[in-house]
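These are my notebook entries on a single protein chain. I looked up individual residues first, then helices and strands, and finally the chain as a whole.

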Amino acid sequence: MKIYGLSSRKKNLRKFALIASLWTAVIPVYSQVNAEQVMNIGRNVLSMDDYMLAIHYFNQAIKAKPYLSDPYFFRAVAKLSLDDFSGAIDDCTSALERNKFKTEAYKVRGFANQCLGNDSLAIIDYNVGLKNNPVDKYFLFYKAVAQTELKKYNEADSTFKVLLRQYPKFEEGFAARGRLNIERGDTASAIEDLDRAINISKSLINPYLMKAEIAWKRKDWEEAGINMDAAIRLRPEVADLYVNRAFIRYNSDDYFGAMSDYNYALELEPDNTSALFNRALLRYEVKDLSRAESDLSSVLSLDPANFHALYNRGLIRMEEQKNREALDDFKAIARKYPKFYPVYYAMAEVNRQAGDMRQAMQLVHHADELVRKYVANPEKNPLDRPTIAAAESKDAKARDVNTEESEIEVMEKFNRLVTVSDAVETQLSYNEKIKGRVQDRNVQVEPEPLYAFSFFPGPITLRSVSNYFRELDDLNQQHFINRQFYLNPGIPSTYDNSLTEELFSYASDLERFIASGKERPVDYLALGVTYSILKNYPEAIEKLNKAIQIDERFTIAYMARAFARYAQLSNSSTKDDIKTDDYLNRRAQYASIQEIISDYDTALSLNPRLVFAWFNKGFIYYSLGDFTSAIQCYSEAIKTDPEFGQAYFNRGLAYLRSGNKAQAFADLSKAGELGVLPSYNILKRMK
């Protein structure tokens with residue numbers, strides 16, 4: 001049983017974050033594709049983690065100039081992000097065929113092979129990369145992990161020595177070598193490495209998980225609990241961590257704590273079968289039979305083949321005197337495992353309780369005969385051993401299964417608590433600096449997003465806001481174009497492949513129509529909205545500028561341009577909010593923000609009751625940390641529409657950030673009443 005991330009190949013290599021440089025503003029795709037410009041758009045979209053859309057842009061670049069290496073390489077990175085490891089390998093190969101000196105392609109291809117379990121092939125690529133750069137941190141790191149997977153422990157140790165000599169503060173290197181030492185059985189060295197990793201970075205979860213495993217293998221439950229507590233502090237949103245801590249608490253005779261952990265795990269993940277199964281066993285122990293049966297039934301509804309849950313439910317039903325239901329469960333097991341003798345003893349007991357002594361004796365005799373034949377000749381008359389633990393069956397190949405274990409051990413496992421292997425997906429990452437957006441690792445309170453235009457209706461929600469926009473309704477009624485405009489909260493989605501292709505085609509059609517000399521503001525608006533959905537914000541802004549030049553009172557265009565300007569500004573940063581100035585100098589940043597505010601002010605001068613302009617303007621001020629101005633804007637939106645739940649929610653957050661808890665609670669309560677469900681979670685946490 002393994003619970004730490006680096007031990008499981010596919011799951012642990014499965015997900016990763018990507019650091020991408022930010023590229024300059026881009027130019028639109030015209031009928032004559034400019035491969036370099038399309039590549040710029042694709043790389044910019046890739047940096048926004050919109051992998052499917054990025055692939056579309058790289059496809060265009062490949063069609064325009066199939067001899068270039070970069071489009072294949074960046075498409076490989078996008079595919080890697082989507083877990084299309086085979087596709088990433090093929091694209092890296094294509095990139096290297098065009099430029100064999102593109103070292104990073106060896107890293108991506110090696111990483112993708114590692115994800116597929118092809119560690120030997122991965123090492124070949126890493127070795128090529130190391131010829132060009134013998135001390136590259138991640139070539140060395142990935143190679144050492146691959147060597148560990150291949151059980152080439154001495155070679156892995158040598159690679160780790162080179163890595164850690166060059167990078168003595170590389171915490172993941174020490175954590176991975178700790179895992180190597182665990183594999184070799186050198187727990188003392190493992191703990192030393194894990195402690196060094198923790199001293200360098202206390203935010204790395206793997207060392208705590210590995211130390212917890214070492215401790216519980218020694219049955220040092222106190223030490224195991226301390227390390228699992230630390231892991232949970234780092235990743236409190238991962239349900240499986242609570243399942244494993246509950247196992248530790250159970251073994252420490254802390255039944256209440258174990259039950260509490262199972263309950264919380266199921267709050268986080270209602271379909272967690274390990275938590276449901278274990279909670280059922282605890283309830284069975286305290287004779288809460290009805291709810292124990294209910295939990296096991298839930299397990300079976302999620303995993304009908306879980307025979308250890310079926311067997312335990314049969315035992316509970318037998319104890320509840322539900323003889324018919326118990327027999328149904330036991331018979332289902334007997335059909336699947338006709339030589340699993342304990343089920344016949346269980347059926348015999350059910351028949352005995354029902355008064356059918358003859359059938360009970362026949363079943364006992366049958367079970368005795370199975371055991372007798374097995375004892376006489378185990379190889380000729382093997383007994384069935386059903387899969388014991390659902391969580392462990394996922395990693396059956398990785399476990400050392402003792403096929404000669406005693407029948408007592410089988411029965412103990414059939415009734416024991418289960419733990420979850422690889423409880424948290426801490427993994428190798430195709431990444432050289434950070435693991436994704438650190439700010440996204442913990443659940444954070446976020447304001448409701450600003451409103452943007454789309455050609456597709458938004459999802460149906462409980463929220464009462466009507467999304468009615470007079471000018472938008474009038475425009476749609478005129479049917480100037482063959483599409484409807486919608487105003488929805490949040491950045492417009494690019495949807496699936498077919499709809500994305502449709503949007504590209506629609507943009508081309510509009511470009512041709514405008515080029516024919518028939519310039520209408522609505523066509524530029526439609527083109528601007530299309531480019532916004534496709535995240536080509538510079539071109540969206542240019543088209544919306546044209547719409548406003550033709551019609552200076554085009555309220556919708558001001559709203560659309562303000563959004564495109566905001567999206568361009570916010571996506572030019574790796575930070576969360578637009579008040580930071582690491583990515584733009586203050587003057588340019590200030591000018592951009594003023595342009596956004598000016599567009600909303602112009603829209604409001606044309607329609608003072610435009611609640612969405614007030615709301616979006618409030619969102620900008622909130623992002624800047626100007627909570628006083630944000631509160632004023634949200635108050636104007638609420639004055640216009642007293643049922644605008646999102647405005648109450650965001651104003652409540654602004655009050656909260658300003659220290660006015662009383663008003664914040666009142667607004668959040670009203671927002672919850674109007675269908676903004678996160679309000680209740682915040683109120684619960686704050687109280």
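**Entry 1: Asp599.** I began with the contacts of Asp599, leaving aside its neighbours within four places in sequence, and found Tyr558, Arg561, Ala562 and Arg565. The model I am reading is a predicted one. Asp599 itself has its place in helix α29, residues 586-606. I then looked up its accessibility: the relative value is 2%, and Asp599 therefore counts as buried, the cut-off being under 20%.

**Entry 2: helix α28.** I next took up helix α28, which covers residues 555-571. How far does α28 reach from its first C-alpha to its last? The distance is 25 Å for 17 residues, close to the 24 Å expected at 1.5 Å a residue. I also noted that α28 is mostly covered, with 16 of its 17 residues buried.

**Entry 3: the pair α8 and α10.** I turned to helix α8 (residues 137-149) and helix α10 (residues 171-184), whose axes come within 10 Å and cross at roughly 15°. Angles under 35 degrees count as roughly parallel, and α8 and α10 are therefore roughly parallel to each other. The crossing in which α8 passes α10 is left-handed. On the α8 side, I listed Tyr138, Phe141, Val145, Thr148 and Glu149 as the residues making the contact. On the α10 side, the contact is made by Glu172, Gly173, Ala176, Arg179, Leu180 and Glu183.

**Entry 4: Ala144.** Within α8 I looked up Ala144. Is Ala144 buried or exposed? Its relative accessible area is 0%, so Ala144 is buried. Its C-alpha atom is separated by 8.4 Å from that of Ala176, although the two residues are 32 residues apart along the chain. Setting aside neighbours within four places in sequence, I found Ala144 in contact with Ala156, Thr159 and Phe160.

**Entry 5: Arg177.** In helix α10 I examined Arg177. With a relative accessible area of 15%, Arg177 is buried. Which residues does Arg177 touch, not counting those up to four places away in sequence? I recorded Asp157, Phe160, Lys161, Leu164, Asp193 and Arg196. Phe160 thus appears in the contacts of Arg177 and also in those of Ala144.

**Entry 6: helix α12.** I checked the length of helix α12, residues 206-217. Its 12 residues should span 16 Å at 1.5 Å a residue, and the end C-alpha atoms are 17 Å apart, which agrees. Of these 12 residues 11 are buried, so α12 is largely enclosed by the rest of the structure. The buried residues include Tyr208, Leu209, Met210, Ile214 and Trp216. Charged side chains are also on that list, among them Lys211 and Glu213. I then asked what covers the buried residues of α12. The cover includes α10, α11 (187-200), α13 (221-234) and α14 (239-251).

**Entry 7: positive phi values.** Just after α12, I noted that Lys219 takes a positive phi of about 60°. Lys151 also has a positive phi of about 60°, although it is not a glycine. Lys151 lies in the loop between α8 and α9 (153-166). Its relative accessible area is 55%, so Lys151 is exposed. A further case is Lys535, again not a glycine, with a positive phi of about 65°. I located Lys535 in the loop between α26 (521-533) and α27 (537-550). Lys535 counts as buried, because its relative accessibility is 12%.

**Entry 8: the strands.** I then inspected strand β1, residues 451-454. Tyr451 and Phe453 point one way from β1, Ala452 and Ser454 point the other way, and all are buried. How many bridges join β1 to strand β2 (residues 486-489)? I found 4 bridges, and the two strands run antiparallel. Ser454 stands opposite Tyr486 in β2.

**Entry 9: the whole chain.** I closed with the totals. The secondary structure of the chain comes to 34 helices and 2 strands. Of its 687 residues, 54% count as buried. Among contacts with a separation of 6 or more, I noted that 61% join residues 24 or more positions apart.

How values were computed. Residues are numbered from 1 along each chain as its sequence is written. This is a predicted model: local features need pLDDT of at least 70, side-chain atom pairs count only at pLDDT 80 or more; totals for chains, interfaces and linings use all residues. Side-chain values use heavy atoms; hydrogens and water are left out. Buried means under 20% relative accessible area, exposed over 50%, partly exposed in between (1.4 Å probe, protein chains only). Two strands pair if DSSP finds at least two bridges between them. The expected span of a helix is 1.5 Å times one less than its number of residues. Axes are lines fitted to C-alpha atoms, for helices over the stretch in contact, and angles run from 0 to 180 degrees between N-to-C directions. Angles under 35 degrees count as roughly parallel, over 145 as roughly antiparallel, 65 to 115 as roughly perpendicular and the rest as oblique. A crossing is left-handed if the near helix is turned anticlockwise from the far one by less than a right angle, and right-handed if clockwise. Contact means heavy atoms within 4.5 Å.
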